[in-house]
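Please open the model in your viewer and keep the selection panel at hand. The stops below are meant to be followed in order.

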Amino acid sequence: MTDPFGFLRIPRKAVPARPVEERLGDWREVYAGQALLPLVSEQADRCMDCGIPFCHTGCPLGNLIPEWNAYAAHGDWRAAYERLHATNNFPEFTGRLCPAPCEDACVLTINADPVTIKNVEQTIADEGRRRGYQAPRPPERRSGRAVAVIGSGPAGLAAAQQLTRAGHRVVVHERADRIGGLLRYGIPEFKMEKVHLDRRIEQMRAEGTAFVTGCDIGGEVGAAELRHGYDAVVVAVGAGERRELAVPGRELRGIHQAMDYLTCANRVREGDFAVSPVTAEGSHVVIVGGGDTGSDCLGTALRQGALSVVQLDINPEPGPGRADGEPWPVYPKVYRISHAHEEARGREGSDPRIFSCATLHFEGDGAGRVRALRLTAVEPMARRPLGGSERVLPAGLVLLALGFSGPERAGGLREQLGLELDERGNYARDAAFAAAGGRTPGVFVAGDAGRGQSLVVWAIAEGRSAAAAVDRHLTGSTALPAAVAAHDRPMTALGRLRYGDG
Ligand SMILES: Cc1cc2nc3c(=O)[nH]c(=O)nc-3n(C[C@H](O)[C@H](O)[C@H](O)COP(=O)(O)OP(=O)(O)OC[C@H]3O[C@@H](n4cnc5c(N)ncnc54)[C@H](O)[C@@H]3O)c2cc1C
Ligand code: SF4
């Protein structure tokens, strides 16, 4: 076990990020290349091994946090690696990408600083892989059943790995030219280097999971036809329907959806282009949208050599501490500084965000290209424009990071599988992930497609639980774990936790 008085002896110390100047000069992860084991072992020793580990309430995976903290504190990396993988297929993803609601739920947060759970998770995952523990785990027996997974984001990958290991023949069908969903083309390299994704895909292939790319189910490949070739289907197509900004001037050149911009930047890292076709280099950049997708655009634009970058947020600036309606262990909406904000502050000397403001229109240069954005301040809650507060920002590149409103409406997938939409515009399913309205039984929905825009950790949790439901459907029982039901909600004031909240 950990030292029961460790937290009194040892102050919290998070893994330090590389200096801003250094990381703006490359695309490597902000924490790349550090020797972390002694620091992380010491930090894991701060865990109190609580009788009721409230950190668990923050994590949909049911991660066994005090157990792996104890193993990490004693340097038993194999045992720590095994316990970590008991509940999470891809801890190297969550260790890098998760906003760590577990830390906000840690008992130490009541009157001290929480355990650095996320750092411990990443270090166990990386150290275990380095020591060779990430070997393929193919099934001992084949079931003779076949499952099609549609979509290769974290939900589809987690479902596929669980089902393959349970002995089923699994084929992942992905519309894009590479596997990974938003892990591949949304999330920038400086948050997670793609080598981690590639290693997992390699492991999954070696276990027997098959992948087909460039395969648009519901488009050139009929979903109903696919359904007949498999005993079950997992729909894990994400929530790709982008929100638009319907203001005058939207049609001008130089205004792009954030996902198009981030995809191009990621394709440069993959070697598809030498230079991004949509680059911030030499431009004044305005990002419309105050969430973390906007923050990813910010970090990307700074690395591409933008002249200036501003990020607009219609919401008021959050306070520094928990509001009354967000007591511990709820994940609170507080003022947070991402690595990209830190980089902008380091380069430009001030925070790039403007809160409580709305875009009125875009101005063109006479040749059809955007040159400026006119905005107004808005009342904090009612969001009504405040008279006399208008101003103009120079803008050679505008990025719309306004979030998503459910799975894409275009394409024949929904129609062909007979899927229904719920009241929020996501694919409806029952508590055990079975699609509502599916014309034939055996269709399941996992990840953002059913939950709406969410987090990697929820996508993995849903993929695992959906796999258990599929296994039960195919064999009548299952030994696969299912930590969440489809209708479970994260512990936040609003009962939802999207990438960008908080
Ligand atoms: C820019 C950005 C950055 C983010 N960063 C973070 C972060 O740092 N931390 C975090 O926790 N969360 C983050 N998120 C949220 C997180 O990435 C998502 O919640 C998660 O990826 C959802 O996983 P998913 O598997 O449900 O869907 P996705 O990852 O969206 O994958 C769905 C896949 O389905 C494919 N597909 C769609 N339709 C079809 C079809 N008809 N046929 C075949 N394939 C199809 C798509 O091409 C895609 O590859 C971010 C989101 C964005 C947009
Ligand atoms: S709540 Fe914090 S201190 Fe308690 S077991 Fe979890 S990580 Fe350790």
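A polar contact is taken here as a pair of N or O atoms within 3.5 Å. Bear in mind at each stop that the model is predicted.

**First stop: ligand 1**

Select ligand 1 together with Lys191, where a polar side-chain atom of Lys191 lies 2.8 Å from an oxygen atom of the ligand. Add Asp448, whose backbone offers a polar atom 2.9 Å from an oxygen atom of ligand 1, and then Ser454, which has a backbone N or O atom 3.1 Å from an oxygen atom of this ligand. How much of the 1,000 Å² that ligand 1 exposes when taken alone does the protein bury? The protein buries 94% of that area.

To see which elements give two or more residues to the shell around ligand 1, colour helix H9 (154-165), helix H14 (292-304) and helix H18 (456-475). If you now show the whole shell, 32 residues surround ligand 1, and the closest are Leu97, Glu174, Lys191, Ile217 and Asp448. By class, the shell around ligand 1 divides into 16 nonpolar, 10 polar and 6 charged residues.

**Second stop: ligand 2**

Move to ligand 2 and display the 13 residues around it, of which Cys47, Cys50, Cys55, Cys106 and Val107 come nearest. Which helix gives the most to the shell around ligand 2? Select helix H4 (residues 65-73), which contributes 3 residues and so many as no other element does. Colouring by residue class shows 12 nonpolar residues and 1 polar residue in the shell around ligand 2, with no charged residue.

**Third stop: the sheet**

Next, select the open sheet of 5 strands, which pair in parallel and follow the order S5-S12-S6-S7-S8. Strand S5 (255-257) and strand S8 (353-354) stand at the edges, and because each has a single partner strand, one side of each is left without a neighbour in the sheet. At the S8 edge, zoom in on strand S7 (residues 308-312), which pairs with S8 in the parallel sense over 2 bridges; here Gln311 stands opposite Arg353 in S8.

**Last stop: helices across the sheet**

Finally, bring back the helices that lie across these strands. Helix H13 (residues 258-270) lies across S5 and strand S12 (397-400), and its direction is at about 80° to S5. Helix H14, already coloured for its part in the shell around ligand 1, lies across strand S6 (284-288), S7 and S12, running at about 175° to S7.

Note on methods:
Residues are numbered from 1 along each chain as its sequence is written. Chains are lettered from A and ligands numbered from 1 in the order in which they are written. This is a predicted model: local features need pLDDT of at least 70, side-chain atom pairs count only at pLDDT 80 or more; totals for chains, interfaces and linings use all residues. Side-chain values use heavy atoms; hydrogens and water are left out. A residue is near a molecule or strand if one of its heavy atoms lies within 4 Å of it. A polar contact is a pair of N or O atoms within 3.5 Å; within protein, one must be able to donate a hydrogen and the other to accept it, and residues adjacent in sequence count only if both atoms are side-chain atoms. Accessible areas come from the Shrake-Rupley method with a 1.4 Å probe; for residues, only the protein chains shown count as cover. Helices (H or I, at least four residues) and strands (E, at least two) are DSSP runs, numbered from the N terminus. Ala, Val, Leu, Ile, Met, Phe, Trp, Tyr, Cys and Pro count as nonpolar, Asp, Glu, Lys and Arg as charged, and the others, Gly among them, as polar. Two strands pair if DSSP finds at least two bridges between them. Contact means heavy atoms within 4.5 Å. Axes are lines fitted to C-alpha atoms, for helices over the stretch in contact, and angles run from 0 to 180 degrees between N-to-C directions.
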